[in-house]
Amino acid sequence: MENKEREAAPVSAGVELAYLPTRADMAEALHARSGSPAPWWRLPLIAGLITTAVLVLLLMLAAPKSVTVLVAAALCPALGSLVGGWVNQLYRVRQMTRYARSQGEYTMRADDNGIHAATALVETTIPWASFRHYIETANLFILVIDDTVGGMALLPKRGLRDGADIDGIRAVVARHLAPRPSNG
């Protein structure tokens with residue numbers, strides 16, 4: 001739909017949500033934003049298992065010590081990088097959750113004017129033009145503003161209230177935003 005047609009559409013009552021942000025919300029949002037097909041928390045486990053298997057195999061085959069050391073020297077930095085990324089991701093989820101929960105319960109309304117958000121500390125309206133696209137996951141609608149960690153608005157499906165349903169919020173969001181562009 002063209003922007004002119006979007007602007008001419010009548011203002012709807014919108015869909016309301018009320019929720020307290022959770023750690024799971026933040027982790028799901030960051031994972032969805034990353035675009036990674038595999039859950040990020042599994043990567044260090046997989047890398048650790050592969051590293052261990054390769055080193056055990058070399059020891060069982062009685063490989064020369066120099067080969068074992070060379071392979072360990074090649075695999076351990078990769079494992080360290082993955083574990084470091086995993087720890088960083090956990091830290092980001094923790095920080096985002098702590099900040100979001102410090103705001104108290106969120107009440108949100110998505111209507112044709114934008115997203116109206118209110119907490120115990122702040123009230124704001126974000127117009128649809130501020131968002132680039134949206135991502136729908138099993139539990140969330142993630143409205144992406146920019147590439148920063150905080151550059152998004154989360155609409156947890158569990159927060160729908162007053163008889164609203166997922167199709168209702170999906171319709172409001174899809175009327176104003178395109179889904180995330182595919183990378184392919």
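Begin by selecting lysine 157, which in this predicted model lies in the loop between strand E7 (152-156) and helix H5. Is this lysine buried or exposed? With a relative accessibility of 14%, lysine 157 counts as buried, because the cut-off for that word is under 20% relative accessible area.

Keep lysine 157 selected and add glutamate 136, so that both side chains are shown: a polar contact of 2.8 Å joins the two. To see the wider surroundings, add the other residues that lysine 157 touches once its neighbours within four places in sequence are left aside, among them Thr137, Ala138, Asn139, Leu140 and Phe141. Ile166 and Arg170 are also in contact with lysine 157.

Next, select helix H5 as a whole, residues 166-176, and follow it to the sheet on which it packs. There H5 touches strand E1 and strand E2 (106-111), and the direction of the helix makes about 115° with that of E1.

Now display the sheet itself, an open one in which four strands follow the order E1-E2-E3-E4 with antiparallel pairing. Which strands stand at the edges? They are E1 (15-19) and E4 (123-126), and each has a single partner strand, so one side of each is left without a neighbour in the sheet. As you rotate the view, compare the directions of neighbouring strands, which are turned by 15° against each other on average, direction ignored.

Finally, select E3 (residues 114-118) together with E4, an antiparallel pair joined by four bridges. Within this pair, look for isoleucine 115, which stands opposite isoleucine 126 in E4.

How values were computed
Residues numbered from 1 in each chain as written. Predicted model: local features only at pLDDT ≥ 70, side-chain atom pairs only at ≥ 80, totals over all residues. Heavy atoms only, no water. Pairing = 2+ DSSP bridges. Helix = DSSP H or I, 4+ residues; strand = E, 2+ residues; numbered from the N terminus. Axes fitted to C-alpha atoms, helices over the stretch in contact; angles between N-to-C directions. Contact = heavy atoms within 4.5 Å. Buried < 20%, exposed > 50% of the residue type's maximum accessible area, 1.4 Å probe, protein only. Polar contact = N/O pair within 3.5 Å; in protein donor to acceptor, adjacent residues only side chain to side chain.
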